[in-house]
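Hi,

Here is the structure I said I would pass on. Have a look at it first, and my notes on what turned up follow underneath.

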Amino acid sequence: MTPRVLVLSGPNLQLLGAREPALYGSTTLAEIHGRLLEVGGAEGAEIEARQSNHEGDLVTWLGEAARDGFHGVVINPGAYTHTSVALLDAARASGLPVIEVHLSNPDAREPFRRRTLVGRACLGRVAGFGPLSYELGLLGLLRHLRREMPPEIAARVEQPARGA
Ligand code: CA2
């Protein structure tokens, strides 16, 4: 099976490389996507990458991902990470393994960024490594899809915590 992975980026991430390089670096989203296609290709995977500023687009893409033949999702939900019950529900309902990635480390920033709603539906999270967070998230997801995860982690993935 060729793993097919959908990579989603949320609001304002189209500005990468053009604004606030001190915070988010000088790499553009197009460059990140290009690199993911390279890394994914080297791993024998197919990658499709999309960005939207609209919560509804991200919800729709998550909802259609399994039907469209994707096996997993890497998502940087941007600011929706911290606010969107709709994205949390869509990630859960997708039935797919979802990895949350961030360029910065939200835990080391303002208190309101410490809460992730989307993360409750995610297999894992990579944050703080700039564009490399996307790559690491993709590689982790591919390991999972190939059943190369340690069994105790795989078991927890089957029964994700749903508590408060
Ligand atoms: O660190 C991340 O990847 C974030 O998802 C980025 C979001 C932020 O709201 C999250 O807390 C953490 C913000 C994305 C805004 O992207 C920009 C890029 C360049 C210039 C301005 C904004």
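**Around the ligand**

One of the ligand's oxygen atoms sits 2.7 Å from an N or O atom in the side chain of His-82. Before you read too much into that, keep in mind that this is a predicted model.

His-102 does something along these lines too: an N or O atom of its side chain is 2.9 Å from an oxygen atom of the ligand. With Asn-12 the partner is in the backbone, where a polar atom lies 3.5 Å from a ligand oxygen. As for how much of the ligand is covered, the protein takes up 95% of the 500 Å² of accessible area that the ligand has on its own.

Which residues come nearest to the ligand? There are 16 residues around it, and the nearest are Asn-76, His-82, His-102, Leu-103 and Ser-104. If you are running a pocket search, the space that the ligand takes is the second largest pocket.

**Arg-109**

Ser-104 from that nearest set comes back here, since Arg-109 is in contact with Ser-104, and also with Leu-23, Tyr-24 and Arg-114, leaving aside its neighbours within four places in sequence. With Tyr-24 there is a polar contact, side chain to side chain, at 3.1 Å. You will find Arg-109 in the loop between β4 (98–102) and β5 (124–127).

Is Arg-109 buried or exposed? Its relative accessibility is 19%, and the cut-off for buried is under 20%, so Arg-109 counts as buried.

**Thr-83 and His-33**

Two other residues I looked at:

- Thr-83 is in the loop between β3 (72–76) and α4 (85–93). Its contacts, leaving aside neighbours within four places in sequence, are Arg-115 and Leu-117. If you want a distance to check your own numbers against, the C-alpha atoms of Thr-83 and Val-5 are 24 Å apart, with the two positions 78 residues apart along the chain.
- His-33 belongs to helix α2 (residues 29–42). With a relative accessible area of 15%, His-33 is buried. Leaving aside neighbours within four places in sequence, His-33 touches Ser-9, Ala-49 and Arg-50, in the sense of being in contact with them.

That is what I have for now. Shout if anything is unclear.

Cheers

How values were computed: Residues are numbered from 1 along each chain as its sequence is written. This is a predicted model: local features need pLDDT of at least 70, side-chain atom pairs count only at pLDDT 80 or more; totals for chains, interfaces and linings use all residues. Side-chain values use heavy atoms; hydrogens and water are left out. Helices (H or I, at least four residues) and strands (E, at least two) are DSSP runs, numbered from the N terminus. Buried means under 20% relative accessible area, exposed over 50%, partly exposed in between (1.4 Å probe, protein chains only). A polar contact is a pair of N or O atoms within 3.5 Å; within protein, one must be able to donate a hydrogen and the other to accept it, and residues adjacent in sequence count only if both atoms are side-chain atoms. Contact means heavy atoms within 4.5 Å. A residue is near a molecule or strand if one of its heavy atoms lies within 4 Å of it. Accessible areas come from the Shrake-Rupley method with a 1.4 Å probe; for residues, only the protein chains shown count as cover. On a 1 Å grid over the protein atoms alone, a cavity is a set of points where a 1.4 Å probe fits but cannot get out, and a pocket is an open set with protein on both sides within 12 Å along at least five of seven lines; lining residues have an atom within 4 Å of a point. A molecule sits in a cavity or pocket if more than half of its atoms lie within 2 Å of its grid points.
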